[in-house]
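Got your viewer open? Load the model, colour it by secondary structure, and let's walk through it one selection at a time.

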Amino acid sequence: MTSEIESLSREFAKLTGIEWHEVSYKVDRYMCSCGASDPHQESNDPMAAIRNFMDAHSNPDFTDAREVIKVLDEIGRLDEFVVTCGALGKHSREDDLIPVRYVKTPGLMLAEAVTFMKGEKND
Ligand SMILES: [Zn+2]
């Protein structure tokens, strides 16, 4: 992920109630912002324990428009978003209205969804 996409992904997660994990190394183990710490010292396979911890505390990548659509659908905002971002505005059928450029350009749907969730869309 580029840093811009990562920053947008973090913001989108925050706006949609998805926990974002920030892992850092503290003293003798990895700790995550969600409160978890890696259990490698108690494991027979410390490297596998660290790998599993990193996997479990990795973050979603919303570069793909489908991932953004999935989240907006899960929180019940998809129809509203589609009407807002749709070129035709008046329709409400999501299968007709998502502009092709949002799907074609990685990260563009994410940027649009962040703007939508922040309520900054004025047109
Ligand atoms: Zn975590």
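Start with a quick pick: is alanine 36 buried, partly exposed or exposed? With 14 other C-beta atoms within 10 Å, alanine 36 is partly exposed. You'll find alanine 36 in the loop between β2 and α2 (46–56). Now add phenylalanine 53 to the selection: alanine 36 and phenylalanine 53 sit 17 residues apart in sequence, and their C-alpha atoms are 8.8 Å apart in space.

**The whole chain**

Zoom out. Keep in mind that this is a predicted model. The chain has 7 helices and 2 strands, and reading from the N terminus the order is α-β-β-α-α-α-α-α-α. Of the 123 residues in the chain, 17% are buried. Take the contacts between residues at least 6 apart in sequence: 49% of these join residues at least 24 apart.

**Stop 1: α7 and its buried residues**

Select residues 108–117, which is α7. Which residues of α7 are buried? They are Met109, Leu110, Glu112, Ala113, Val114 and Phe116. Show these as sticks, then bring up what they pack against: α1, α3, α4 and α6 (100–104). While you're here, go on to glycine 119, which follows α7 and has a positive phi, near 70°.

**Stop 2: α3 against α7**

Two packed helices are described by the angle between their axes and the distance between the axes. Add residues 65–74, helix α3, to the view: the axes of α3 and α7 come within 8 Å and cross at roughly 30°. Angles under 35 degrees count as roughly parallel, so α3 is roughly parallel to α7. The crossing of α3 and α7 is left-handed.

For the contact itself, pick Ala65, Val68 and Leu72 on the α3 side, and Met109, Leu110 and Ala113 on the α7 side. By residue class, the contact of α3 with α7 has 6 nonpolar residues, no polar and no charged.

Stay on leucine 72 for a moment. Setting aside neighbours within four places in sequence, leucine 72 is in contact with Arg77, Leu78, Phe81 and Ala113.

**Stop 3: α1 against α7**

Swap α3 for α1, residues 3–15. Here the axes of α1 and α7 are 9 Å apart, and the two helices pack at an angle of about 40°. That makes α1 oblique to α7. The crossing of α1 with α7 is left-handed.

Select Ile5, Leu8, Ser9, Glu11, Phe12 and Leu15 in α1; these meet Leu110, Ala111, Ala113, Val114 and Met117 in α7. The contact of α1 with α7 divides into 9 nonpolar residues, 1 polar and 1 charged.

**Stop 4: the nonpolar core**

In soluble globular proteins, nonpolar side chains tend to be buried together. How many residues are in the largest nonpolar core here? There are 16, and those with the most contacts inside this core are Phe12, Val68, Leu72, Leu110 and Ala113. Show those five as spheres. The elements giving two or more residues to the core are α1, α3, α4 (78–85) and α7.

**Stop 5: threonine 16**

Step along to threonine 16, in the loop between α1 and β1. Threonine 16 has 17 other C-beta atoms within 10 Å, so this residue is partly exposed. Try a distance label from threonine 16 to valine 71: they are 55 residues apart in sequence, yet 7.6 Å apart C-alpha to C-alpha. Valine 71 is also one of the contacts of threonine 16 when neighbours within four places are left out, along with Ile75 and Met117.

**Stop 6: valine 83**

Back to helix α4, where you'll find valine 83. With 16 C-beta neighbours inside 10 Å, valine 83 counts as partly exposed. Add isoleucine 98: valine 83 and isoleucine 98 are 15 residues apart in sequence and 8.7 Å apart C-alpha to C-alpha.

**Last stop: valine 27**

Finish in the loop between β1 (23–26) and β2 (29–32), which holds valine 27. Most residues other than glycine have a negative phi. Valine 27 is not a glycine, but its phi is positive, about 60°. Is valine 27 buried or exposed? Valine 27 counts as exposed, because there are 5 C-beta neighbours inside 10 Å.

Methods
Residues are numbered from 1 along each chain as its sequence is written. This is a predicted model: local features need pLDDT of at least 70, side-chain atom pairs count only at pLDDT 80 or more; totals for chains, interfaces and linings use all residues. Axes are lines fitted to C-alpha atoms, for helices over the stretch in contact, and angles run from 0 to 180 degrees between N-to-C directions. Helices (H or I, at least four residues) and strands (E, at least two) are DSSP runs, numbered from the N terminus. Angles under 35 degrees count as roughly parallel, over 145 as roughly antiparallel, 65 to 115 as roughly perpendicular and the rest as oblique. A crossing is left-handed if the near helix is turned anticlockwise from the far one by less than a right angle, and right-handed if clockwise. Two residues are in contact if their C-beta atoms, placed from the backbone, lie within 7 Å. Ala, Val, Leu, Ile, Met, Phe, Trp, Tyr, Cys and Pro count as nonpolar, Asp, Glu, Lys and Arg as charged, and the others, Gly among them, as polar. A nonpolar core is a set of buried Ala, Val, Leu, Ile, Met, Phe, Trp, Tyr and Cys residues joined through C-beta atoms within 7 Å. A residue is buried if 20 or more other C-beta atoms lie within 10 Å of its own, exposed if 12 or fewer, and partly exposed in between; C-beta atoms are placed from the backbone.
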